[in-house]
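Subject: A structure for you to look at

Hi,

Here is the structure I promised to pass on to you. Have a look at it first, and then read my notes below.

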Amino acid sequence: MNSKSDAARAEELSRKRARALPVLGVLFISQQLVFFSSPARDRMVDHVHIGAWLILSVVMLLALTTGGGWIYPRSVRQLANDEATRVHRDDAFRYGFLAAMVACIALYVVTLFEPFGEREAIHLILTVGIGMALLRFGLLERRAMRDA
């Protein structure tokens with residue numbers, strides 16, 4: 001039997017999530033700056049880099065959608081995903097969507113003057129959308145932890 005109650009473990013999960021998500025958002029976005037600053041090549045290492053980015057993108061989306069904490073029992077995850085967390089998540093998705101749309105508009109304007117590859121556009125839009133959602137969710141969760 002666990003020495004901590006489900007409520008204490010849910011609180012722990014919430015605190016870890018509040019600390020980790022803003023950092024993950026910054027790392028996710030900054031990591032992609034390397035992609036956009038290096039010339040596009042068709043080497044195997046470039047394909048591995050893109051594959052890793054796609055897997056990381058899926059994991060970040062799953063973490064945003066579910067709240068993460070997959071190693072915890074379902075009862076703990078349900079307690080950690082309370083009403084306030086769901087509101088924060090909804091707000092984060094809204095910010096992520098808006099950031100992705102702004103990236104689309106910016107890309108549209110850029111392509112009027114300079115060609116931009118389809119894959120690079122997808123990469124940029126997805127990175128901006130997920131990154132902004134991670135940052136917003138994490139910052140809202142941190143604020144809630146600080147205010148509690």
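Let's start with one residue: Ser57 counts as buried, because its relative accessibility is 2% and the cut-off for buried is under 20%. Please keep in mind that this is a predicted model. Ser57 sits in helix 2. Which residues does Ser57 touch, apart from its neighbours within four places in sequence? They are Phe28, Leu126 and Ile130.

Now go to Val58, which also belongs to helix 2. With 48% relative accessibility, Val58 counts as partly exposed. You will find Val58 in a nonpolar patch on the surface, together with Ile55, Val59, Leu62 and Trp70. The accessible area of this patch adds up to about 480 Å².

Next, the inside. The largest nonpolar core has 10 residues: Leu21, Phe28, Trp53, Met60, Leu64, Ala92, Ile130, Ala133, Leu134 and Phe137. Helix 1 (6-37), helix 2 (44-66) and helix 5 (118-147) each give two or more residues to this core. Which of the elements gives the largest share? That is helix 5, with four residues.

One core member to click on is Ala133. Setting aside residues up to four places away in sequence, Ala133 touches Leu64, Ala92 and Gly96. There is also a second, separate core of five residues, among them Ala10, Leu13, Tyr72 and Ala80.

Happy exploring, and write back with any questions!

Best wishes

How values were computed: Residues are numbered from 1 along each chain as its sequence is written. This is a predicted model: local features need pLDDT of at least 70, side-chain atom pairs count only at pLDDT 80 or more; totals for chains, interfaces and linings use all residues. Side-chain values use heavy atoms; hydrogens and water are left out. A nonpolar core is a set of buried Ala, Val, Leu, Ile, Met, Phe, Trp, Tyr and Cys residues joined through side-chain atoms within 4.5 Å. Buried means under 20% relative accessible area, exposed over 50%, partly exposed in between (1.4 Å probe, protein chains only). Contact means heavy atoms within 4.5 Å. Patches are made of residues with over 30% relative accessible area and no salt bridge: like charges are joined within 9 Å, nonpolar side chains (Val, Leu, Ile, Met, Phe, Trp, Tyr) within 5 Å. Accessible areas come from the Shrake-Rupley method with a 1.4 Å probe; for residues, only the protein chains shown count as cover. A salt bridge is a side-chain nitrogen of Lys or Arg within 4 Å of a carboxyl oxygen of Asp or Glu.
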